[in-house]
Amino acid sequence: MEGTSRSRRLSCCLLLAAVCAVVLLVPAAAAPRRLLQTCPGQDFDVPHAHLRARNNVRPLKYTEEISARALQWALQFKGNCAAAAPAAGINVFLGGAGATWLPSDAVAAWAEEEEHYDYGANSCSTGKACGRYTQMVWRNSKEFGCAVVDCDSGETLMACHYEPQGNVMGQKPF
C-alpha cells in the first residue's frame with residue numbers, strides 16, 4: 001500500500017512538472033517579446049519632439065482631445081483618402097496600399113521637407129513643399145493630436161492637427 005501511495009505521488013509530481021514546463025515554455029516561444037510598448041500618441045510625439053529639439057523649440061503636448069478631432073476629420077475621407085489635403089494647422093500623410101505604414105513614416109516624410117525650407121528667406125524652394133515641416137516646428141504651436149485611418153482603398157491616411165496652427169504669413173517658424 002505504501003508503494004502505491006509513493007508511486008501515485010511520484011506520478012503526480014511528474015505530471016505537475018510536465019504541465020509547468022509546457023506552461024512556461026510555450027508562451028515564450030509563441031509570443032514575441034517587445035522591449036518597449038508604446039501608445040499611438042507616443043509614436044507621433046517622440047519624432048516630433050526630436051525634430052523640435054533640433055531647432056531649439058519646446059516639445060508639443062499630445063492631447064486625446066485634439067486626436068479625437070483629427071480622427072473625426074480623417075474619417076470623412078475614409079471612402080476617398082486621396083481627397084484629404086493639408087489645411088491650416090493640419091498635416092496629412094497618405095501611405096500606399098499593400099504596405100504597413102507607421103506614424104514615424106508620416107513624421108519622417110514631413111520632416112524631409114526641411115531641405116526645401118530657406119530660413120533666411122522664410123520660404124520654400126521653388127516648386128517644393130515645406131509647410132508640413134514648418135508646421136511641425138512652429139514655435140507658437142503648443143499642442144497636437146493625430147489619427148490613423150485605414151482607407152477603403154487599402155491606403156493609410158494619417159493626419160495631425162496643431163494648436164494654435166502655424167504657418168502664419170510673414171512669421172518664421174522658430
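Which strands does α3 lie across, and at about what angle to β5 does α3 run? In this predicted model, α3 lies across β1, β2, β5 and β6, and its direction is about 35° to that of β5. Let's start with the sheet under that helix and then turn to the side chains.

**The sheet and its helices**

The sheet is an open one built from four strands, in the order β1-β5-β6-β2, with mixed pairing. At its edges stand β1 (61–62) and β2 (90–95). Each of these two has a single partner strand, so one side of each is left without a neighbour in the sheet.

You can walk through the sheet one pairing at a time. β1 and β5 run in the parallel sense and pair over two bridges. Here Y62 has F144 in β5 as its bridge partner.

Next comes the pairing of β5 (residues 143–150) with β6, which is antiparallel and extends over eight bridges. Two places to look for it on your screen are G145, whose bridge partner in β6 is H161, and V149, which stands opposite L157 in β6. The hairpin of β5 and β6 has five residues between the strands, and in this hairpin G154 takes a positive phi near 95°.

On the other side, β2 and β6 pair in the antiparallel sense, over six bridges. V92 is a handy marker for this pairing, with A159 in β6 as its bridge partner.

How many of the eight residues of β6 are buried? Seven of them are, so β6 is largely enclosed by the rest of the structure. A general point helps when you look at the strands: in a regular strand the side chains alternate between the two faces of the sheet.

Back to the helices. As noted at the start, α3 lies across β1, β2, β5 and β6. Helix α4 also packs on the sheet, where α4 touches β2 and β6. The direction of α4 makes about 115° with that of β2.

**Salt bridges**

The structure holds five salt bridges. Three of them are set out here, with the distance from N to O.

| Acidic residue | Basic residue | N to O distance |
|---|---|---|
| E114 | R54 | 2.5 Å |
| E163 | R69 | 2.2 Å |
| E113 | R132 | 2.4 Å |

What does the salt bridge of E114 and R54 tie together? E114 lies in the loop between α4 (103–111) and β3 (117–118), while R54 belongs to helix α2 (residues 40–54), so the pair ties together parts that are 60 residues apart in sequence. Both ends are partly exposed: E114 has a relative accessible area of 27%, and R54 one of 46%.

The salt bridge of R69 with E163 brings us back to the sheet. R69 lies in helix α3 (residues 64–75) and E163 in strand β6 (residues 156–163), so this pair ties together parts that are 94 residues apart in sequence. R69 is partly exposed, at 30% relative accessibility, and E163 is partly exposed at 30% as well. There is a further partner to look for here, as E65, R69 and E163 are linked in a network of salt bridges.

The loop between α4 and β3 also carries E113, whose side chain meets that of R132 in a salt bridge. R132 is in helix α5 (residues 131–136), and this pair links distant parts of the chain, 19 residues apart. Is E113 buried or exposed? E113 is buried, with a relative accessible area of 5%, whereas R132 is partly exposed at 27%.

**Aromatic rings**

A search of the whole structure finds seven aromatic pairs. One of them joins Y117 and Y119: their ring centres are 6.3 Å apart and their planes stand at 80°, so the pair is edge-to-face. Y117 is buried, with a relative accessible area of 12%, while Y119 is partly exposed at 34%.

Which residues do ring pairs link into a cluster with Y117 and Y119? They are Y133 and F174, which ring pairs link with Y117 and Y119 into a cluster.

Note on methods
Residues are numbered from 1 along each chain as its sequence is written. This is a predicted model: local features need pLDDT of at least 70, side-chain atom pairs count only at pLDDT 80 or more; totals for chains, interfaces and linings use all residues. Side-chain values use heavy atoms; hydrogens and water are left out. A salt bridge is a side-chain nitrogen of Lys or Arg within 4 Å of a carboxyl oxygen of Asp or Glu. Buried means under 20% relative accessible area, exposed over 50%, partly exposed in between (1.4 Å probe, protein chains only). Two strands pair if DSSP finds at least two bridges between them. Contact means heavy atoms within 4.5 Å. Axes are lines fitted to C-alpha atoms, for helices over the stretch in contact, and angles run from 0 to 180 degrees between N-to-C directions. Rings of Phe, Tyr and Trp (its six-membered ring) pair if their centres lie within 6.5 Å; planes under 30 degrees apart count as stacked, over 60 as edge-to-face and the rest as tilted.
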